[in-house]
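Colleague: Could you take me through the sheets of this model, strand by strand, with the helices that lie on them? I would also like to hear about the aromatic rings.

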Amino acid sequence: MNILLVRVSSLGDVLHNMPIVADIRRHFPDANIDWVVEEGYVSLVRLNREVRHIIPFALRRWRKNLRDRAVRAEIGAFFRRVREVEYDYVFDTQGLLKTGVIMGAARIVKGGQKVGLANGSEGSGYEGISRIFHTKSIPLDPRTHAVARGRLVAGAALGYAVDTPADFGLPDVAADEPRPDWMPAEPYAVYFHGTARDAKKWAPANWIALGRELAPMTILLPWGSPKEKAEAEALAAAIPNARVLPKLSMADAVMLARRAALAIGVDTGLTHIAAAFSRPVVEIYCDSPRWKTEGNWSPKIINLGDRGNPPAVAEVAAAAKSLL
C-alpha cells in the first residue's frame with residue numbers, strides 16, 4: 001500500500017503529524033509512506049526512518065520569484081514528482097487551500113481515497129475550500145488535540161482505533177554521536193523563550209528568576225531573529241551560567257532539543273520537538289490554549305499555565321527541579 005502525507009508547515013504542525021507514521025506502520029507493516037513538506041523541515045522529517053520518500057515543497061521561496069524561469073521549472077518538477085506514484089491513500093491533515101491543491105495533483109489507484117479534515121479546530125487556520133479535493137472528509141471535535149487530529153483522520157480512513165500513546169518515530173541519541181562545538185559537554189538546560197507572537201512569551205523577569213533558581217546549571221539560549229537574539233543577550237547578562245548560542249540550522253536546533261537534560265519553553269515548535277523526543281520538558285502556556293498542543297504522551301513532560309493564565313516562577317522552578 002502506498003500512502004502520501006501532505007503536511008507542509010509549520011514546525012509544530014509538521015512535528016505533530018509524525019505519530020501518523022508509526023500508527024500506519026503498526027497496522028500495515030508493509031505500507032510505503034511518502035511525505036510532502038516545506039523544504040525547511042525536510043531534515044526533521046528525515047529523522048523518522050519509516051518515511052520512504054520526502055518531497056520538498058518550497059512555496060515560501062517560490063512565491064518571491066514566480067517570474068523566474070528556473071523557479072517555474074522547479075514548481076513543474078515538484079508536481080511531476082507528486083504524480084510519479086499512484087497512491088492508495090492521500091492524507092491532507094492541514095486543511096488549507098495550498099495543501100488541498102497538492103492533494104488534488106496526486107494520483108490515486110482505482111478505488112483510492114483522498115482524505116482530509118471536514119472541519120477545523122478552534123483557532124485554527126482551516127480553509128473549508130480544501131474539501132473540494134477530498135473523496136472523504138472526516139469530522140472531528142473542534143477541541144481535538146493537535147497530535148490526535150491527524151491520527152484520528154488516518155485511523156478513520158484505514159479502519160483502526162487510535163488507542164496508544166503518540167509515537168513520533170524519532171531516534172534516541174547514540175552514545176558516540178559527536179557534539180558540535182557550541183554544545184557543552186556537561187548536562188544543560190535550554191530556554192525556548194522566543195516565539196513569533198509576543199503575547200505567548202513569558203516575562204523576561206521570570207526567565208531570569210528561574211535561571212537563578214537553577215544555578216549553577218548551564219542554560220543555553222537559542223534565537224531565530226535579531227529581536228530574539230537581543231532578548232537572549234539580555235537574559236544571559238542576568239542569569240548565572242547562561243550562554244547565547246550562535247545562529248542554528250534546523251538540524252542543529254533539533255539536536256539542541258534532543259540532547260537537553262532539561263528544556264523549558266513557551267508554546268513554540270522547538271519546545272514541542274523536545275517533548276516529541278520525550279526529554280524532560282516544562283511547557284509554559286501564556287496566551288494559547290493548553291489543550292491544543294500540550295505534551296500528554298510522557299511523564300517527563302509537565303504542562304503549566306493556560307491562555308490568559310501564565311504560570312508563576314515558583315511553579316516552573318518546582319516542575320523543573322522535579323524533572324532533574
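Modeller: Happy to. Two strands are taken as paired if DSSP finds at least two bridges between them. Strands (E, at least two residues) and helices (H or I, at least four) are DSSP runs, numbered from the N terminus. Please keep in mind that this is a predicted model, where local features need pLDDT of at least 70 and side-chain atom pairs count only at pLDDT 80 or more, while totals for chains, interfaces and linings use all residues. Residues are numbered from 1 along each chain as its sequence is written, and side-chain values use heavy atoms, leaving out hydrogens and water.

One open sheet has 6 strands in the order S3-S2-S1-S4-S5-S6, with parallel pairing. Its edge strands, S3 (53-57) and S6 (136-138), each pair on one side only. From one strand to the next the twist averages 20°; axes are lines fitted to C-alpha atoms, for helices over the stretch in contact, and angles run from 0 to 180 degrees between N-to-C directions. Within this sheet, S1 (residues 2-6) and S4 (residues 86-92) pair in the parallel sense over 4 bridges, and valine 6 stands opposite aspartate 92 in S4. Helix H5 (residues 69-82) packs on the sheet, touching S2 (32-38), S3 and S4, where contact means heavy atoms within 4.5 Å. The direction of H5 makes about 150° with that of S3. Helix H7 (residues 146-158) also packs on the sheet, touching S1, S4, S5 (107-117) and S6, and its direction makes about 145° with that of S4.

Another open sheet of 6 strands, again with parallel pairing, has the order S9-S8-S7-S10-S11-S12. Here S9 (242-244) and S12 (301-305) are the edge strands, and the twist averages 20° from one strand to the next. S10 (residues 262-266) and S11 (residues 281-285) run parallel, joined by 4 bridges, with isoleucine 264 opposite valine 282 in S11. Helix H9 (residues 226-238) packs on this sheet, touching S8 (218-221) and S9, at about 155° to the direction of S9. Helix H11 (residues 269-276) lies across S7 (188-192), S10, S11 and S12, running at about 145° to S11.

Now the rings: the structure holds 8 aromatic pairs. The rings of tyrosine 89 and phenylalanine 91 are stacked because their centres are 5.9 Å apart and their planes at 5°. Rings of Phe, Tyr and Trp (its six-membered ring) pair if their centres lie within 6.5 Å, and planes under 30 degrees apart count as stacked, over 60 as edge-to-face and the rest as tilted. Ring pairs also link Phe57, Trp62, Phe78 and Phe79 into a cluster.
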